[in-house]
Each structure stands twice: as structure tokens, then as C-alpha cells.
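Visitor: I'd like to talk through this model with you, starting with how its helices cross. Could you put it up first?

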Amino acid sequence: MPRKLSYLPILAIIGLLLSNNVAIAQTESRMAPKGVTQKEVAEFNTAVNQYNNKDFQPASEKFKQLSEAHPDFLDTYIMYGAALLRLGKPEDAIPVLHAAENIDPNDGLMIFTLGTTYMLTGKNERAVEKFQKYIRLHPKDQFASESQARVNLLSTEIARNKGIMSSKGQDNYLDEAMAMGAMRWKSSQMPIPIYIAPGQDKVGYRDEFTDILKQAFATWSDASQGKFIYKFVSDPSDSLIECSWSDDQTTLANPAEGGQAMPMSSLDGSLMGGRITLLTKKGAQTNLPSNIVRSIALHEVGHMLGMLGHSSQPGDIMLGATSDGTQLLGLSDRDKKTIYLLYTAPDEVIKAHPVKTTNVAFQGSQTSPENKAALLTADAIHEIDQKHYTKALELLEEAKKLAPSMEVIYLDLAKIYNELGNEAIKNHDYASVKKNFDLAITNLIKAKRKELAVQYCDIILRIASRDSNSADITKYTKLKRELTGSN
Ligand SMILES: [Zn+2]
């Protein structure tokens with residue numbers, strides 16, 4: 001009779017983009033194979049406790065030893081593999097988990113851990129295969145929803161990197177970073193004003209989080225060798241980058257993430273604004289380790305500087321997956337080189353990589369309003385390209401209801417009113433010009449593009465002065481003064 005093992009297997013569950021160790025709350029009872037002595041069961045349980053206390057080195061040694069003594073002891077391999085992940089050695093975990101797979105190819109814990117290992121080593125296709133297998137065989141088990149979220153993210157990642165050469169062996173991953181298109185901040189806009197919202201009202205928030213986030217901007221700025229410079233501002237309406245905290249992971253486009261960045265660019269690839277959201281807790285875990293917050297912050301700030309794509313290689317902060325076991329407390333040499341190359345590349349290189357809007361839309365959870373809004377916005381842009389403005393307006397109004405603070409929606413609305421206003425100019429329908437450009441102004445203000453809004457004020461003022469419309473002259477002169485901040 002196999003003996004019953006009772007232990008708490010807390011596996012390293014590492015989220016994409018983010019990263020987190022999700023503690024498995026319940027005790028799992030699993031069987032030890034024949035021939036495992038009572039003493040060895042006790043040793044195993046001790047090693048599990050060490051693992052739970054983050055003593056990964058001695059735990060991994062014990063699991064290794066037990067697996068050598070009992071080549072059919074499935075759980076020692078899984079735990080040994082998990083410990084190697086937590087020690088930042090995902091490549092070493094692969095053969096160990098393959099050995100576990102040979103013992104029982106259908107074990108859920110094994111499949112999920114192996115999928116995680118593939119994900120952390122950049123083997124996205126194989127990771128998807130494993131997570132899909134988990135969902136198929138264990139649809140009601142604890143990692144099913146996490147597996148689904150990872151399948152969604154990794155599938156997006158695979159689609160993005162189609163046709164892009166792997167950066168393996170190179171000293172940078174600029175091609176991968178530009179796989180969805182190239183964006184960067186223009187030097188004329190610098191220093192980029194950044195606002196960080198207070199997080200004290202969010203569950204799990206600690207004061208050091210804001211310092212960590214500020215440090216993340218400093219780290220990238222250093223890596224860019226002064227090409228990206230910034231300043232912090234205390235009023236969100238003065239900012240181009242707005243950072244906030246959330247204790248509700250359903251507010252993210254993909255709930256498997258620990259944070260998200262939504263950069264917004266014009267068609268020529270210049271960044272115009274964006275938002276970063278970082279989680280202060282993940283699931284039931286309210287005490288997020290500082291190094292996880294640091295990894296997530298660095299990763300999301302990297303996106304906000306214009307690296308839309310991910311590195312395929314472990315060790316880079318812009319890998320699509322990070323682990324608190326891999327000790328990614330800073331940027332790799334490749335990260336540094338890539339941001340420097342992005343900011344020193346000729347404008348032609350940026351223009352040659354137009355942003356693929358449909359790829360920017362998140363393909364994560366269908367229940368996240370922000371995700372739905374991003375998809376609607378992508379559809380709307382497609383309609384705008386075909387001059388289907390009524391349809392595009394409908395889509396954007398719907399997106400606005402779902403995610404009223406998503407600036408890109410207002411920018412796209414302004415784009416439509418700009419087109420409609422220009423058409424009206426051609427038709428000499430000045431009432432319609434004024435109406436549409438006024439709407440463009442309203443939306444540009446919401447998108448924080450005051451300098452663009454001013455240009456529309458100027459056009460309306462020109463028409464008003466030609467028509468001697470003193471009411472409009474007064475109204476738009478005043479508005480222009482407010483927008484240029486000369487009051
Ligand atoms: Zn990312």
C-alpha cells in the first residue's frame with residue numbers, strides 16, 4: 001500500500017509580465033511510491049517546509065537526493081523542478097520535469113510547472129501546449145483559469161513574433177521589441193512629465209512601491225544614456241505618463257498580469273501619452289515581495305518607453321515572463337543596449353515599423369472592460385481607415401463607456417472629428433467645421449493633447465473673425481488662453 005503524504009506544495013507560479021508566487025492554500029494529499037521509507041517521507045515534508053520558507057537551495061538538494069534514490073517518486077521531481085525555477089535556473093528545471101513527465105504525463109502539478117518552465121525559457125509554443133493540456137485534463141482544478149490566461153497572453157506573443165528573428169546570441173533584442181511596431185518619446189517633449197497616483201487606499205500598497213516605481217524610471221533613463229529624460233509632476237493633468245495602483249486584478253486587460261502599460265502613439269511612432277497600472281496584490285496574496293514589484297515596474301516602464309514587444313531570452317527584464325526566483329532586480333546588458341538603440345535609431349527606422357493597432361489590443365480576458373475597450377478601439381481604427389466614421393464613432397462611444405479613462409479613445413474620436421471638419425471645409429459648410437472642430441478640442445483635452453487642441457481653436461478663430469462672430473471670438477480666445485496655460 002502506498003503511504004499517504006501530506007504536505008503543502010507551494011509551487012512557484014509565475015505570472016506573465018508580472019510575476020507572482022501564488023500560494024496554494026489547501027493541503028494536497030499525494031501518494032508516495034512503494035519503497036519510500038517513513039524517514040524519507042519526513043525528509044520530503046521537511047524539504048517542502050524549507051521550500052515554503054523560501055529556503056530553496058537546501059530544499060532543492062533534498063528533492064534531488066530523494067529523486068535519485070527513488071526514480072519513480074513523481075513529487076520529488078516536480079518539487080525539485082519548482083525549486084530550480086525559484087532559484088532562477090529554469091533551463092536546469094527542464095530535464096528534471098521531463099523525468100517527472102515520464103513517470104506520469106497527465107499529472108496536473110507537473111504539467112503546470114513544466115508549462116511555466118517553458119514560458120520562463122522563452123519556449124512559448126511548448127508552454128501553450130502544456131497549459132492547454134492542463135485545461136483539457138484538469139478543467140476544474142486550481143490552475144485552470146491561470147492556465148487559460150497564460151494561453152491567451154502567450155498566443156498573442158507568438159503571433160507578434162511571427163517572422164521576427166530570435167535575438168538569441170545577440171547583444172540586443174531591438175527587432176523583438178519592435179515586433180508590434182516602433183514607438184519612442186520625442187526629444188522635443190522631454191523631460192516627460194510623469195504623475196504617480198497615491199496608493200495608500202489600495203490593499204497591499206506599501207510606501208516603498210512609489211520609490212520602486214520612481215527608481216524604475218531612473219534605471220531606464222540611465223540605460224538610455226540620457227536619451228530619455230523625465231520629471232515627476234504633482235498634477236495628473238500636467239502629465240503625459242500617468243501611473244496608478246490597483247488592488248483588483250480584474251481591472252487589468254489580462255488578469256494573469258501584475259501590471260500593464262498602455263502607451264499611446266501617433267501614426268509616425270512618436271509617443272504621446274500613456275498609463276501604467278501596477279497591482280498592489282495578486283489574488284489572495286497581499287504581501288507582494290519588493291523584488292516582484294520592482295521587476296513588474298521595470299518591465300512596464302520599459303513598455304512605456306516604447307518597447308512594445310518582448311524579449312525572447314531569459315535574463316532580460318522585457319522577457320514576457322519574469323520570476324521572483326530569477327532575481328531580475330535590474331536591467332540586463334541586452335535591456336540597456338536595446339533601449340539605447342531604440343532612442344538612437346534614425347527616424348526612418350521608427351517609421352519603417354508602424355504600430356499594428358490590432359496587435360496592441362490585448363487578447364486577454366474577455367470580461368475585462370479595458371480589454372474589450374481596447375479591442376473596440378482597434379476595430380474603430382480599422383473603420384476610420386476606411387472612412388466609415390459613423391461606425392467608428394459608435395464603436396468608440398461604446399469603448400468610452402467601458403473604459404472612460406482610456407485616453408487613446410479620445411484621441412481617436414478627435415481624429416474622426418478632424419476628418420469630418422476637414423470635409424466640411426471642402427464643402428464650405430462652416431457651421432459644421434466649427435461643430436466638428438469643437439468636438440475635436442473637447443476630445444483632445446481629454447486625451448491630454450492641449451497643444452493640438454490649440455490648433456483647432458486657431459482655425460475656429462480664423463473663421464469667427466472672418467464672419468465677425470464676436471461671441472465665438474471671445475469664447476475661443478478664452479479657451480485658447482486656458483489651454484496654453486497663460487492664465
Ligand atoms: Zn510585457
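Guide: This is a predicted model, and in it α1 passes α2 in a left-handed crossing.

Visitor: At what angle do α1 and α2 pack, and how far apart are their axes?

Guide: Helix α1, residues 38-52, and helix α2, residues 56-69, pack at an angle of about 150°, and their axes are 8 Å apart. Angles over 145 degrees count as roughly antiparallel, so α1 is roughly antiparallel to α2.

Visitor: OK, and which residues of α1 meet α2?

Guide: From α1 the contact draws on E40, E43, F44, A47, Q50 and Y51, which meet F56, P58, A59, K62, F63 and L66 in α2. Sorted by class, that contact has eight nonpolar residues, one polar residue and three charged residues.

Visitor: Switching to the sheet: what is the strand order?

Guide: The sheet is open, with five strands in the order β4-β3-β5-β7-β6, and its pairing is mixed.

Visitor: Why do β4 and β6 each have one side without a neighbour?

Guide: Both β4 (230-232) and β6 (259-265) stand at the edges and each has a single partner strand, so one side of each is left without a neighbour in the sheet. The twist from one strand to the next averages 20°.

Visitor: And β5 with β7, is that parallel or antiparallel?

Guide: Strand β5, residues 241-246, pairs with strand β7, residues 271-279, in the parallel sense, and the pairing runs over six bridges.

Visitor: Which residue in β7 is the bridge partner of S246?

Guide: For S246, the bridge partner in β7 is L279.

Definitions and conventions
Residues numbered from 1 in each chain as written. Predicted model: local features only at pLDDT ≥ 70, side-chain atom pairs only at ≥ 80, totals over all residues. Pairing = 2+ DSSP bridges. Helix = DSSP H or I, 4+ residues; strand = E, 2+ residues; numbered from the N terminus. Axes fitted to C-alpha atoms, helices over the stretch in contact; angles between N-to-C directions. Parallel < 35°, antiparallel > 145°, perpendicular 65-115°, else oblique. Left-handed = near helix turned anticlockwise from the far one by under 90°. Contact = placed C-beta atoms within 7 Å. Nonpolar A, V, L, I, M, F, W, Y, C, P; charged D, E, K, R; others polar.
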